[in-house]
Amino acid sequence: MEILKRIPHRYPFLLVDRAEEYRPHQSIVGYKCVTMNEPFFQGHFPGNPVMPGVLIVEAVAQTGAVLMSKSLDADVNGKTILFISLDNCRFRHPVRPGDVLRMEVNVLRARAEAFKFRGRALVGDKVAAEVEFAAMVVENRA
């Protein structure tokens, strides 16, 4: 329930089921249980379902937003944490229905309301994706 309080994403775009190992301003581990019921599997790809890479990166970024929101104790009413940059993204292993995606996110730098992260998404001991990204807190428009 805390994830729902920390970030505005909702089904079908909420891509973090659980988070643990939280260390303020340092790191967090998120989990996504990938099921065949995910709406993107209808078209990506029929007969060979593979989670889109951009959604793997989004899941990692959402995990980073949970870390950032919790570290800053951000007021989620009236503010949103937005993804602002993406660097050094690599896809290494496909993610398929039945997989549990483990997202390890570490803070590289934190300044006021902007954070730079390094994240990895793993299935078992295989790296599915790795990425560096940044996010910042912004005011919602009325």
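## Report on a predicted protein chain

At 62% relative accessibility, glycine 98 counts as exposed. The model described here is predicted. Glycine 98 sits in the loop that runs between strand 3 (79–91) and strand 4 (100–111). Its C-alpha is 11 Å from the C-alpha of methionine 51, although glycine 98 and methionine 51 are 47 residues apart in sequence.

**Overall fold**

Two helices and six strands make up the regular elements of the protein chain. Along the sequence they follow the pattern α-β-β-α-β-β-β-β. The radius of gyration of the protein chain is 15 Å, close to the 14 Å that the globule rule gives for 142 residues, so the chain is as compact as a globular protein of that length. Taken along the principal axes, the box filled by the C-alpha atoms is roughly 45 × 30 × 25 Å.

Of the 142 residues in the protein chain, 44% are buried. The chain exposes about 7,800 Å², and carbon and sulfur atoms supply 53% of that area. When contacts between residues at least 6 apart in sequence are considered, 65% of them join residues at least 24 apart.

**Helix 2**

Helix 2 covers residues 53–72, which is 20 residues. From its first C-alpha to its last, helix 2 reaches 29 Å, close to the 28 Å expected at 1.5 Å a residue. Of the 20 residues of helix 2, 16 are buried, so the helix is largely enclosed by the rest of the structure. Aspartate 73 comes just after helix 2 and takes a positive phi of about 45°. Asp73 is also part of a network of salt bridges that links it with Glu2, Arg6 and Lys70.

**Salt bridges**

The whole structure holds 13 salt bridges. Three of them are listed here with their N to O distances.

| Basic residue | Acidic residue | N to O distance |
|---|---|---|
| Arginine 102 | Glutamate 21 | 3.7 Å |
| Arginine 102 | Glutamate 104 | 3.0 Å |
| Arginine 118 | Glutamate 132 | 3.0 Å |

Arginine 102 and glutamate 21 meet through their side chains in a salt bridge. Arginine 102 lies in strand 4 and glutamate 21 in strand 1 (residues 18–23), so this pair ties together parts that are 81 residues apart in sequence. Arginine 102 has 23% relative accessibility and therefore counts as partly exposed. Glutamate 21 is partly exposed as well, with a relative accessible area of 48%. Arginine 102 also forms a salt bridge with glutamate 104.

Arginine 118 forms a salt bridge with glutamate 132. This pair links distant parts of the chain, with arginine 118 in strand 5 (residues 114–123) and glutamate 132 in strand 6, 14 residues apart. Arginine 118 counts as partly exposed at 42% relative accessibility. Glutamate 132, at 16% relative accessibility, counts as buried, because buried means under 20% relative accessible area.

**A nonpolar patch**

Leu82, Ile84 and Met136 form a nonpolar patch on the surface. Together these residues have about 250 Å² of accessible area. Methionine 136 belongs to strand 6, which spans residues 126–139. At 32% relative accessibility, methionine 136 counts as partly exposed.

How values were computed. Residues numbered from 1 in each chain as written. Predicted model: local features only at pLDDT ≥ 70, side-chain atom pairs only at ≥ 80, totals over all residues. Heavy atoms only, no water. Patch = residues over 30% accessible without salt bridge, like charges linked within 9 Å, V, L, I, M, F, W, Y side chains within 5 Å. Areas by Shrake-Rupley, 256 points an atom, 1.4 Å probe, with all protein chains shown as cover. Salt bridge = Lys/Arg side-chain N within 4 Å of Asp/Glu carboxyl O. Helix = DSSP H or I, 4+ residues; strand = E, 2+ residues; numbered from the N terminus. Buried < 20%, exposed > 50% of the residue type's maximum accessible area, 1.4 Å probe, protein only. Rg over C-alpha atoms; globule rule 2.2 N^0.38 Å. Contact = heavy atoms within 4.5 Å. Expected span 1.5 Å × (residues − 1).
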